[in-house]
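Please look through the sequence and the model shown here before reading on. The text below walks through the structure one region at a time.

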Amino acid sequence: MAGHRIYGVSVASVYPLYVTKAERKGRTGAEVEEIICWLTGHDRESLKTELEAGTSFEDFFARAPAMNPARSLVKGVVCGVRVEEIEEPTMREIRYLDKLIDELAKGRPMEKILRR
C-alpha cells in the first residue's frame with residue numbers, strides 16, 4: 001500500500017471528523033486527544049503543533065515520539081479489514097487510530113480503549 005493517498009492527507013483535516021464522531025455519541029474532544037497521545041506518545045502540546053503544521057499521516061506516525069507497544073492489543077475490523085492483519089506499517093497505525101476512535105464512539109470505557 002505504499003503511496004496510498006491517505007498518507008498525504010493532513011491529520012488536521014481528519015481530526016475534526018474524529019472529534020465530531022465522538023461528540024455525536026456523547027464523548028469529548030479531550031478523549032480523542034487522550035487516545036491520540038496514548039497511541040503516539042505525543043503530549044497535548046506536541047499534538048497541537050503537529051495539527052497546526054498540517055502534518056501528513058505518513059509524517060505524523062513516522063515522527064511520533066513513542067508509539068505505544070500496547071497498540072498491538074487493538075484488534076477488530078475497520079473498513080472491512082482486520083487491523084491486526086494489515087502488513088503495511090503506516091496503514092496499520094492509521095487503522096489502529098480509526099479503531100480506537102470507533103471504540104470511543106461506541107461508548108467503550110477509556111480504560112478499555114487504552115488497554116489498561
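The paragraphs below take up helix packing, aromatic rings, two chosen valines, the cysteines and the backbone in turn.

This is a predicted model, in which local features need pLDDT of at least 70 and side-chain atom pairs count only at pLDDT 80 or more, while totals for chains, interfaces and linings use all residues. Residues are numbered from 1 along each chain as its sequence is written, and side-chain values use heavy atoms, with hydrogens and water left out.

Start with the helices. Helices (H or I, at least four residues) and strands (E, at least two) are DSSP runs, numbered from the N terminus. Helix α1 covers residues 11-24 and helix α2 residues 29-40; their axes are 8 Å apart and the two pack at an angle of about 125 degrees. Here an axis is a line fitted to C-alpha atoms, for helices over the stretch in contact, and the angle runs from 0 to 180 degrees between N-to-C directions. The pair α1 and α2 is therefore oblique. On this scale, angles under 35 degrees count as roughly parallel, over 145 as roughly antiparallel, 65 to 115 as roughly perpendicular and the rest as oblique. The crossing of α1 past α2 is right-handed, a term that applies if the near helix is turned clockwise from the far one by less than a right angle, with anticlockwise giving left-handed. On the α1 side the contact is made by Tyr 15, Tyr 18, Val 19, Ala 22 and Glu 23, and on the α2 side by Gly 29, Val 32, Glu 33 and Ile 36. Contact means heavy atoms within 4.5 Å.

Helix α2 also packs on helix α5 (residues 89-105), where the axes come within 10 Å and cross at roughly 145 degrees. This crossing of α2 past α5 is right-handed. From α2 the contact involves Glu 31, Val 32, Ile 35, Ile 36, Trp 38 and Leu 39, and from α5 it involves Glu 93, Tyr 96, Leu 97, Leu 100, Ile 101 and Leu 104. Val 32 and Ile 36 are thus listed in the contact with α1 and in the contact with α5.

Next come the aromatic rings. The structure holds two aromatic pairs. Rings of Phe, Tyr and Trp (its six-membered ring) pair if their centres lie within 6.5 Å; planes under 30 degrees apart count as stacked, over 60 as edge-to-face and the rest as tilted. Phe 57 and Phe 61 are stacked because their ring centres lie 6.3 Å apart and their planes are at 15 degrees. These two residues sit four apart in helix α4 (residues 57-62), so about one helical turn separates Phe 57 from Phe 61. The other pair, Phe 60 and Phe 61, has ring centres 5.3 Å apart and planes at 75 degrees, so it is edge-to-face. Phe 57, Phe 60 and Phe 61 form one aromatic cluster. Phe 57 is buried at 1% relative accessibility, Phe 60 is buried at 1%, and Phe 61 is buried at 8%. Buried means under 20% relative accessible area, exposed over 50%, and partly exposed in between (1.4 Å probe, protein chains only).

Phe 57 leads back to α1, which contains Val 14. Leaving aside neighbours within four places in sequence, Val 14 is in contact with Val 9 and Phe 57. Val 14 is buried, at 15% relative accessible area.

A second valine, Val 78, is found in strand β1. With 5% relative accessibility, Val 78 is buried. Beyond its neighbours within four places in sequence, Val 78 is in contact with Val 83, Arg 95, Asp 98, Lys 99 and Asp 102.

Cys 79 lies in the loop between β1 (77-78) and β2 (81-82). Cys 79 is exposed, at 63% relative accessible area, whereas Cys 37 is buried at 11%. The structure holds zero disulfides, a disulfide being a pair of cysteine sulfur atoms within 2.5 Å.

The backbone adds a last point. Most residues other than glycine have a negative phi. Cys 79, although not a glycine, has a positive phi of about 55 degrees. Arg 115, also not a glycine, has a positive phi of about 55 degrees and lies in the segment after α6 (110-113).
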